[in-house]
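Colleague: I'd like to go through this one with you and ask where the labels come from. Can you show me what we're looking at?

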Amino acid sequence: MFRKFTFYCLGLALFFTAVFFIPFFSVFAQENANPDTVLISVFERDDCAHCERLEHFLAQYETENPLIRITRVDIYTKEGSELFNAFTSALRLSRVTPIMLVGDTVIVGYDSNETTGARIRELVRKKLGAQS
């Protein structure tokens with residue numbers, strides 16, 4: 001009985017990963033079809049102080065660097081919540097916000113422009129430099 005239940009749970013987990021996680025990345029990959037840009041995907045919520053600080057940073061950075069594209073996912077929407085849950089489950093991440101995907105690197109949380117902001121800038125520079 002326990003064995004059947006374990007296989008059932010495993011199958012269910014694989015199903016949800018395939019349904020939510022794979023389309024999540026394929027949507028972002030299509031949006032980032034231009035190889036001269038770096039996609040920054042952000043899971044956020046409107047009542048999060050860290051998300052607000054990140055938003056201020058990204059708004060400024062977006063005006064400075066036209067080679068980045070930002071995709072925001074509000075985890076309070078049905079689709080956003082499903083993507084967030086699938087993403088955090090698949091990567092075994094804490095369910096905190098913000099979570100960013102900068103190119104292919106995951107960053108959990110946002111501290112300040114001098115720390116996390118500098119890390120984002122570094123990742124974008126490396127990604128753009130690797131494409132040259």
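Modeller: Here's a rule to start with: a residue is buried under 20% relative accessible area, exposed over 50%, and partly exposed in between. Keep in mind that this is a predicted model.

Colleague: Okay, so why is Val106 called partly exposed?

Modeller: The relative accessible area of Val106 is 32%. Partly exposed means between 20% and 50%, so Val106, at 32%, gets that label. You'll find Val106 in strand β4, residues 105-108.

Colleague: And what makes Val106 fit into a nonpolar surface patch?

Modeller: Patch residues need over 30% relative accessible area, and Val106 has 32%. Its partners in the patch are Leu91, Val96 and Val108, and together the four make about 270 Å².

Colleague: Why is Arg92 called exposed?

Modeller: Exposed means over 50%, and Arg92 has a relative accessible area of 79%, so the label follows. Arg92 sits in the loop between α3 and β3.

Colleague: What is notable about the phi of Arg92?

Modeller: Its phi is positive, about 55°, although Arg92 is not a glycine. Most residues other than glycine have a negative phi.

Colleague: How do you know that the peptide bond between Thr97 and Pro98 is listed as cis?

Modeller: Look at omega for that bond: about -5°. Most peptide bonds are trans. Pro98 lies in the loop between α3 (78-91) and β3 (99-102).

Colleague: How do you know that β1 and β2 count as a pair?

Modeller: Two strands pair if there are at least two bridges between them. Seven bridges join β1 (residues 38-44) to β2 (residues 68-74), so they pass, and the two strands run parallel. One of the partnerships is Leu39 with Arg69 in β2. Between the strands, the chain crosses through helix α2 (residues 49-64).

Colleague: What makes that β-α-β crossover right-handed?

Modeller: Point the strands away from you: if the path from the first strand over the helix to the second runs clockwise, the crossover is right-handed. The path from β1 through α2 to β2 has that hand.

Colleague: How many helices and strands are there in the chain?

Modeller: Four helices and four strands, and along the sequence they follow the pattern α-β-α-β-α-β-β-α.

Colleague: What share of the chain is buried?

Modeller: Of the 132 residues, 36% are buried. As for the outside, the chain exposes about 8200 Å², with 59% of it supplied by carbon and sulfur atoms.

Key
Residues numbered from 1 in each chain as written. Predicted model: local features only at pLDDT ≥ 70, side-chain atom pairs only at ≥ 80, totals over all residues. Heavy atoms only, no water. Buried < 20%, exposed > 50% of the residue type's maximum accessible area, 1.4 Å probe, protein only. Areas by Shrake-Rupley, 256 points an atom, 1.4 Å probe, with all protein chains shown as cover. Patch = residues over 30% accessible without salt bridge, like charges linked within 9 Å, V, L, I, M, F, W, Y side chains within 5 Å. Salt bridge = Lys/Arg side-chain N within 4 Å of Asp/Glu carboxyl O.
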